[in-house]
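Dear colleague,

I am passing on to you the structure that we spoke about, with the sequence alongside. Please look through it first, and then read my notes below.

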Amino acid sequence: MKVIDLTKESFVEKVAEFQEYPNKWDFKGDKPCLVDFHAPWCVYCKALSPILDQLAVEYDGKIDIYKVDQEPELEAAFAIRTIPNLLLCPMGGKPSMKLGTMNKTQLKALIEEVLL
């Protein structure tokens with residue numbers, strides 16, 4: 001498995017309708033997911049990217065890992081003001097946001113705690 005790039009349209013298809021977040025949330029995935037809101041020019045995003053690539057392989061079949069690159073409507077809906085910012089979507093629970101400036105050990109612990 002690898003990290004999958006999402007557009008606004010594919011986010012709606014694979015994750016959820018975002019327009020009513022956080023009041024209404026109907027997760028469409030068949031397994032928990034992590035969505036990385038990032039930008040290619042962001043130094044912290046560049047540091048996080050290879051970690052997410054490694055985790056996509058390690059958690060293959062257990063979670064989906066997505067990236068959203070500069071989609072203004074999604075960023076507005078989730079109040080993204082700093083990047084990288086992670087949207088964590090557990091099965092049957094409320095999604096949560098977390099600033100993505102962490103190392104692999106911290107991110108694995110977050111995945112285990114929130115998504116699995």
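**Salt bridges and the overall fold**

Glu58 forms a salt bridge with Lys108, and the closest N and O atoms of this pair are 2.9 Å apart. The two residues belong to distant parts of the chain, since Glu58 sits in helix α2 and Lys108 in helix α4, 50 residues apart. Please keep in mind throughout that this is a predicted model, and that the values I quote were computed from it.

Glu58 also forms a salt bridge with Lys104, where the closest N and O atoms are 2.5 Å apart. This pair, too, links distant parts of the chain, with Lys104 in helix α4 (residues 104-115) and Glu58 in helix α2 (residues 43-58), 46 residues apart. As for how open these side chains are to the surroundings, Glu58 counts as partly exposed at 36% relative accessibility, Lys108 is partly exposed with a relative accessible area of 31%, and Lys104 counts as partly exposed at 24%.

Another salt bridge joins Asp64 and Lys31, with the closest N and O atoms 3.8 Å apart. Because Asp64 lies in strand β3 (residues 64-69) while Lys31 lies in the loop between α1 (8-14) and β2 (33-38), the pair ties together parts that are 33 residues apart in sequence. Is Asp64 buried or exposed? Asp64 is buried, with a relative accessible area of 10%, and Lys31 is buried as well, at 19%, a value that falls under the 20% limit used for that word. The salt bridge between Asp64 and Lys31 does not stand by itself, for Asp30, Lys31 and Asp64 are linked in a network of salt bridges. In general, side chains of opposite charge can pair when their charged atoms come close. The count for the model comes to six salt bridges, and those described here are among them.

Lys31 deserves a further word about its surroundings. When its neighbours within four places in sequence are left aside, Lys31 is in contact with Gly61, Lys62, Ile63, Asp64 and Met91, so that its salt-bridge partner Asp64 appears in this list together with residues that precede it in the sequence, including Ile63.

Turning to the protein as a whole, how many helices and strands are there? The protein has four helices and five strands, and from the N terminus on these elements follow one another in the order β-α-β-α-β-α-β-β-α. The radius of gyration is 13 Å, close to the 13 Å that the globule rule gives for 116 residues, and the protein is therefore as compact as a globular protein of that length. Along its principal axes, the C-alpha trace spans about 30 × 30 × 20 Å.

The burial and contact figures add to this picture. Buried residues make up 46% of the 116 residues, and among contacts between residues at least 6 apart in sequence, 70% join residues at least 24 apart. The accessible surface of the protein comes to about 6300 Å², and 51% of that area belongs to carbon and sulfur atoms. As regards charge, the protein has 14 positive and 18 negative charges, whose mean positions are 3 Å apart.

**Backbone details to look at**

A few places in the backbone may be worth finding in the viewer. The peptide bond from Ile83 to Pro84 is cis, with omega near -5°, and Pro84 lies in the loop between α3 (72-77) and β4 (85-89). That loop between α3 and β4 also holds Ala79, whose phi is near 50°, a positive value in a residue other than glycine. Ala79 counts as partly exposed, at 42% relative accessibility.

Where does Gln70 lie? Its place is in the loop between β3 and α3, and phi of Gln70 is near 50°, which is again a positive value in a residue other than glycine. Gln70 is partly exposed, with a relative accessible area of 41%.

With kind regards

Notes. Residues are numbered from 1 along each chain as its sequence is written. This is a predicted model: local features need pLDDT of at least 70, side-chain atom pairs count only at pLDDT 80 or more; totals for chains, interfaces and linings use all residues. Side-chain values use heavy atoms; hydrogens and water are left out. A salt bridge is a side-chain nitrogen of Lys or Arg within 4 Å of a carboxyl oxygen of Asp or Glu. Buried means under 20% relative accessible area, exposed over 50%, partly exposed in between (1.4 Å probe, protein chains only). The radius of gyration is taken over C-alpha atoms; the globule rule is 2.2 Å times the number of residues to the power 0.38. Contact means heavy atoms within 4.5 Å. Accessible areas come from the Shrake-Rupley method with a 1.4 Å probe; for residues, only the protein chains shown count as cover. Lys and Arg count as positive and Asp and Glu as negative; His and the chain ends are not counted. The place of a charge is taken as NZ of Lys, CZ of Arg, CG of Asp or CD of Glu.
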